[in-house]
Amino acid sequence: MSAAYTLQSHVEIEPGVYMPRLGFGVGASPTSLCQSSVQFALSTGYRHIDCAMHYGNEKEVGLAIKASKIPRDQIFVTTKILAPLTDDNGVFSEEKIMHSLTEAVEQFGLEYVDLFLIHTPTSGPDGRLKLWEGLEKLKANGRARSIGVSNFGVDHLEQLAAAGKSKPSVNQIEVHPWRQQRDITDYCQKNGILVQAYSPMVRGRKLDDTTLFEISIAHSMERVIDPAQILIRWSLQKGYVPLPKSDTPSRILGNAMVFDFHLAPEEVAALDALDEGETGAIAPNPVNCP
C-alpha cells in the first residue's frame, strides 16, 4: 500500500457507514481493462470503487474485488441507476424497480453495495420519488448500506425533503475549479449531505492552465506534484470526496499520492477564482431539469 495513501481518512456518511475520502472511478473503463485497473487500484491502496449500471462493467469490478483477497468490509462499492422502469401501461412499476435494483447489486457478484445512487434526476418528480422509495426498500433489505443521489440540484433535494423522504447521504456532482456549483455544494454541506466530485481532474483538459501549473511547481521541491494531484487535493480540502478515473497504472498510483502535501489558503483561493459556472462544465449537468 502506498505510504501516502495510508494517510487518507474516512468520512461517516451516516451512522456506522464510513466512506474513504478518495474514490476510484470506473466510468468509461472498458470491460477489457476494468478488472485489471481495479485490481491494480486495490493493490496500491484504494478502498473505494465508484461504478454504475450505465457503465456496464459491474461484473469486472466484482471479479477484481474477489481476486484482491481483501475482506469485503474493507472495500466501499458504489453503483447507480439511471431511471425507474414502467409497466406495459407506462406506469412506474414498484416490482420492476425493485427487480432492477436487486439485479444491479447481483451484477457485481456481491451480497450488497455500500452506496446506491439515483444517477440522474431526469425521470421527473414522480420518477425520482419512486426510485427513492425503491432505494429505501433496498437498504431496508440489506442490499445497500447507504443511499444517495447524483446530479441533483437544490430543487430536487428539497423535493425529497418535502415528501418526507429520508435524507440522501451523498450527492455526486461534477465539481472542479472551473465548475464549482456553489449553490448545490453549499446546500449539501449545510444539510449534512456529502458531496462527491466526479471529473475532479476535468478529464485532463485543464492540466496546462497557468494557475494550476504555477501551484504545481511551487509544491514540487521534494517530489514532483503534478497538476492532476493539485486538483484532487483542492477537492479534498473543500471537503468533497473526489473520484478520479484512469486505466493507466502510473496515473492510478499518482492520483492517490495526494495526502502528503497541503494547499495554502491563497492557493485554494486562486483555484476558486477559476470558476466559469455552467460554461465550465465538461459533462451533461441536469441539475436544473424539471
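Trainee: Why are helix 4 and helix 5 oblique to each other?

Mentor: Welcome! Keep in mind that this is a predicted model. An angle counts as oblique when it is not under 35 degrees, not over 145 and not from 65 to 115. The axes of helix 4 and helix 5 (residues 154-162) come within 11 Å, and helix 4 and helix 5 are therefore oblique to each other because they cross at roughly 60°.

Trainee: Which residues in helix 5 meet helix 4?

Mentor: The crossing of these two helices is right-handed. On the side of helix 4, the residues are Pro125, Arg128, Leu129 and Trp132. By class, the contact of helix 4 with helix 5 has four nonpolar, two polar and one charged residues. The partners in helix 5 are His156, Gln159 and Leu160.

Trainee: At what angle do the axes of helix 3 and helix 4 cross?

Mentor: Look for helix 3 at residues 94-106 and helix 4 at residues 124-140. Their axes come within 10 Å, and the crossing angle is roughly 55°. That angle makes helix 3 oblique to helix 4, in a right-handed crossing at roughly 55°.

Trainee: How many charged residues are in the contact of helix 3 with helix 4?

Mentor: Helix 3 brings Glu94, Ile97, Met98, Leu101, Thr102 and Val105 to the contact. Helix 4 brings Lys130, Leu131, Gly134, Leu135, Lys137 and Leu138. By class, seven residues are nonpolar and two are polar, and the number of charged ones is three.

Trainee: Which are the edge strands of the open sheet?

Mentor: Eight strands form this sheet, with parallel pairing and the order 3-4-5-6-7-8-9-10. An edge strand here pairs on one side only. At the ends of the order are strand 3 (24-25) and strand 10 (241-243).

Trainee: Which residue in strand 4 stands opposite Gly25?

Mentor: Strand 3 and strand 4 run parallel and are joined by two bridges. Across from Gly25, in strand 4, you will find Asp50.

Trainee: Which strands of the sheet does helix 3 touch?

Mentor: Helix 3 packs on the sheet. The direction of helix 3 makes about 135° with that of strand 6. The strands touched are strand 5 (76-81) and strand 6 (113-118).

Trainee: Where does helix 6 lie?

Mentor: Helix 6 covers residues 182-190 and runs at about 165° to strand 8. Helix 6 lies across strand 8 (170-174) and strand 9 (194-198).

Trainee: Which residue in the turn between strand 1 and strand 2 has a positive phi?

Mentor: Strand 1 (residues 10-14) and strand 2 (residues 17-20) run antiparallel, joined by four bridges. In this pair, Val11 stands opposite Met19. The two strands form a hairpin with two residues between them. The residue in the turn with a positive phi, of about 85°, is Gly16.

Trainee: How many nonpolar residues are in the contact of helix 1 with helix 9?

Mentor: The axes of helix 1 (residues 31-43) and helix 9 (residues 249-256) come within 10 Å and cross at roughly 35°, and the crossing is right-handed. Ser37, Phe40 and Ala41 of helix 1 make the contact with Pro249, Ile252 and Leu253 of helix 9. By class, one residue is polar and none is charged, while the nonpolar count is five.

Trainee: Which residue does UniProt list for "active site"?

Mentor: This listing comes from an unreviewed UniProt entry. The residue lies in the loop between strand 4 (48-50) and helix 2 (58-68). Leaving aside neighbours within four places in sequence, its contacts are Val26, Gly27, Asp50, Lys80, His119 and Lys245. The residue listed is Tyr55.

Trainee: Which residues does the UniProt annotation "domain: NADP-dependent oxidoreductase" cover?

Mentor: This annotation, too, is from an unreviewed entry. The annotated span is 43% helix and 15% strand, with its end C-alpha atoms 36 Å apart. According to UniProt, the annotation covers residues 36-276.

How values were computed:
Residues are numbered from 1 along each chain as its sequence is written. This is a predicted model: local features need pLDDT of at least 70, side-chain atom pairs count only at pLDDT 80 or more; totals for chains, interfaces and linings use all residues. Side-chain values use heavy atoms; hydrogens and water are left out. UniProt positions are given in the numbering used here, feature names are shortened, and annotations may be inferred rather than shown by experiment. Contact means heavy atoms within 4.5 Å. Axes are lines fitted to C-alpha atoms, for helices over the stretch in contact, and angles run from 0 to 180 degrees between N-to-C directions. A crossing is left-handed if the near helix is turned anticlockwise from the far one by less than a right angle, and right-handed if clockwise. Ala, Val, Leu, Ile, Met, Phe, Trp, Tyr, Cys and Pro count as nonpolar, Asp, Glu, Lys and Arg as charged, and the others, Gly among them, as polar. Two strands pair if DSSP finds at least two bridges between them.
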